[in-house]
Amino acid sequence: MLHLFDAFNGVSLLLAMAMCVELIKATQRKREANKRRNREFALHAIEHMPDEEFKRMFRMSRFTFETLIAKLMDRWDEVDVTQAARSSGSHICLRTRLACTLRWMAGGSYLDICFEFGISRGAFFCNNGVLWGTMEMLNETFDLGFPFSDDNKLREMATQFAKFSHNKMTNCVLAIDGWVCRTRCPTAKEVKYPMSYRNRHGCFGIVVLAGCDAMLRFHMFSCVSAGSTNDIMAWTFCSMKHLLDNGHLPEPYYFVGDEAFICSQQFLVPWSGRGLPADKDSFNYHLSSMRQCIERAFALLTNRWGIFWRPLRCAYDRWTLVCMVAAKLHNFCIDMEDAQPTRRHAGDHLDMDAPLVFLNRVSREEEEDENPLNRRPSGYTRQQITAALERD
């Protein structure tokens, strides 16, 4: 009987150990096998896509797209093709990365982009992945600056602006204004005061202070201020103001802006008040005819890139990068003489996602509050131009 009891206990122990092993195997997470992705199918479909549909999808023509690929090739570091093919069947080439990035900038959902091009969400959003790696590459490829020391370029910019004022104001080289880029509400972990990003238009965002020439190219693009910041405060923190104050802009050239800024010798703003005399009213008219360039530039920027048709949902530290890349691609498309798509489907965006452009305007009450600022020394440029208009 003792031997039978020991044998029974031994069998029970073996059964218990076997059950424990099976339980451990069942509870362990099984790693999914690498998916074999056919990324060439999407590229093949894009190559046979009609030109009009291609431009509507990527917001630029096929020739501009190919030129952009050629510019990026110098900065493109080829990945380990063998390892990538072993992992997912094929590597993600530069053409696929650029197509995904432009489609996302055009307003496409990352879910649809990943599904169409056979890319995992991790590879799409990781720091050096498809989206942000390509965005950093685009940001490093193109420069955005103002030609302070290039007198030929300054004369050309002034001549282009003068056409809008019928040659009454002949030395304007830059039109400056502010635009509110809508974003989600930042979290307390991202910023110290999340509510400071709430703009008076009723949305969260960041203030983009930009300046453009008469051809609507951006030469200044600052997007570091919270949404509640007014234009004059954003201009105070802008490096362009410090360069202007330190005399880097040669005379007699000047910038123009709206009444939210302070008039100076080389930064002209409209005369404030109502019922102005004919000379001041004429000055305001001609200045506004040049200042509309920056408003048109903002409209083209937001209409081309559908990512701005709704609040930005990406990480907080990527907001500035998205705006800067959009501005640089905007300049690139203008240099390539690539107009925006003229035909659009009714379903391209909903009414609630229409490309809104919130310009930082001041109300009459705010204008009266800012009158003490307007009484600061403003230089003689505005008075001289106004006097010349009165004589004409």
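Are aspartate 338 and lysine 55 buried or exposed? This tour of a predicted model begins with that pair.

**First stop: aspartate 338 and lysine 55**

Select both residues and display their side chains. Aspartate 338 is buried, and lysine 55 is buried as well. Their side chains meet in a salt bridge, with 3.0 Å from N to O. Aspartate 338 lies in the loop between helix H14 (319-335) and strand S6 (358-359), whereas lysine 55 lies in helix H3, so the salt bridge ties together parts that are 283 residues apart in sequence.

**Second stop: arginine 62 and aspartate 51**

Remain with helix H3 and select aspartate 51, then add arginine 62. These two residues form a salt bridge whose closest N and O atoms are 3.1 Å apart. Because arginine 62 belongs to helix H4 (residues 62-72) and aspartate 51 to helix H3 (residues 51-58), the pair ties together parts that are eleven residues apart in sequence. Aspartate 51 counts as exposed, since its relative accessibility is 54% and the term applies over 50%. Arginine 62, with a relative accessible area of 22%, is partly exposed.

**Third stop: arginine 318 and glutamate 136**

Next, select arginine 318 and glutamate 136. A salt bridge joins them, and the closest N and O atoms are 3.6 Å apart. Arginine 318 is found in the loop between helix H13 (278-304) and H14, and glutamate 136 in helix H9 (residues 130-141), so the pair ties together parts that are 182 residues apart in sequence. Arginine 318 counts as buried because its relative accessibility is 13%, and buried means under 20%. Glutamate 136 is partly exposed, with a relative accessible area of 31%.

Now display Asp213, Arg217 and Asp335 together. Salt bridges that share partners join these residues into one network. The count of salt bridges in the model comes to eleven.

**Fourth stop: strands S1, S2 and S3**

Change to a cartoon view and colour strand S2 (205-212) together with strand S1 (172-182). S1 and S2 pair in the antiparallel sense over eight bridges. Within this pairing, tryptophan 179 has valine 208 in S2 as its bridge partner. S2 is mostly covered, as eight of its eight residues are buried.

Add strand S3 (residues 218-226), which pairs with S2 in the antiparallel sense over six bridges. Here the bridge partner of glycine 211 is methionine 220 in S3. S2 and S3 form a hairpin with five residues between them. In the turn, select leucine 216, which has a positive phi of about 70°.

Return to the loop between S1 and S2 and select asparagine 199. This residue counts as buried, at 5% relative accessibility. A polar atom of the asparagine 199 side chain lies 2.6 Å from the backbone oxygen of glycine 227.

**Last stop: the nonpolar core**

Which residues have the most contacts inside the largest nonpolar core? Select Trp104, Phe221, Trp235 and Phe255 to see them; the core has 106 residues. Its largest share, eleven residues, comes from H14. In soluble globular proteins, nonpolar side chains tend to be buried together.

Finally, centre the view on phenylalanine 221. Leaving aside neighbours within four places in sequence, phenylalanine 221 is in contact with residues including Leu144, Leu301, Cys323, Met324 and Ala327. Trp179 and Val208 are also among its contacts, and these two residues appeared earlier as bridge partners.

Note on methods:
Residues are numbered from 1 along each chain as its sequence is written. This is a predicted model: local features need pLDDT of at least 70, side-chain atom pairs count only at pLDDT 80 or more; totals for chains, interfaces and linings use all residues. Side-chain values use heavy atoms; hydrogens and water are left out. A salt bridge is a side-chain nitrogen of Lys or Arg within 4 Å of a carboxyl oxygen of Asp or Glu. Helices (H or I, at least four residues) and strands (E, at least two) are DSSP runs, numbered from the N terminus. Buried means under 20% relative accessible area, exposed over 50%, partly exposed in between (1.4 Å probe, protein chains only). A polar contact is a pair of N or O atoms within 3.5 Å; within protein, one must be able to donate a hydrogen and the other to accept it, and residues adjacent in sequence count only if both atoms are side-chain atoms. A nonpolar core is a set of buried Ala, Val, Leu, Ile, Met, Phe, Trp, Tyr and Cys residues joined through side-chain atoms within 4.5 Å. Contact means heavy atoms within 4.5 Å. Two strands pair if DSSP finds at least two bridges between them.
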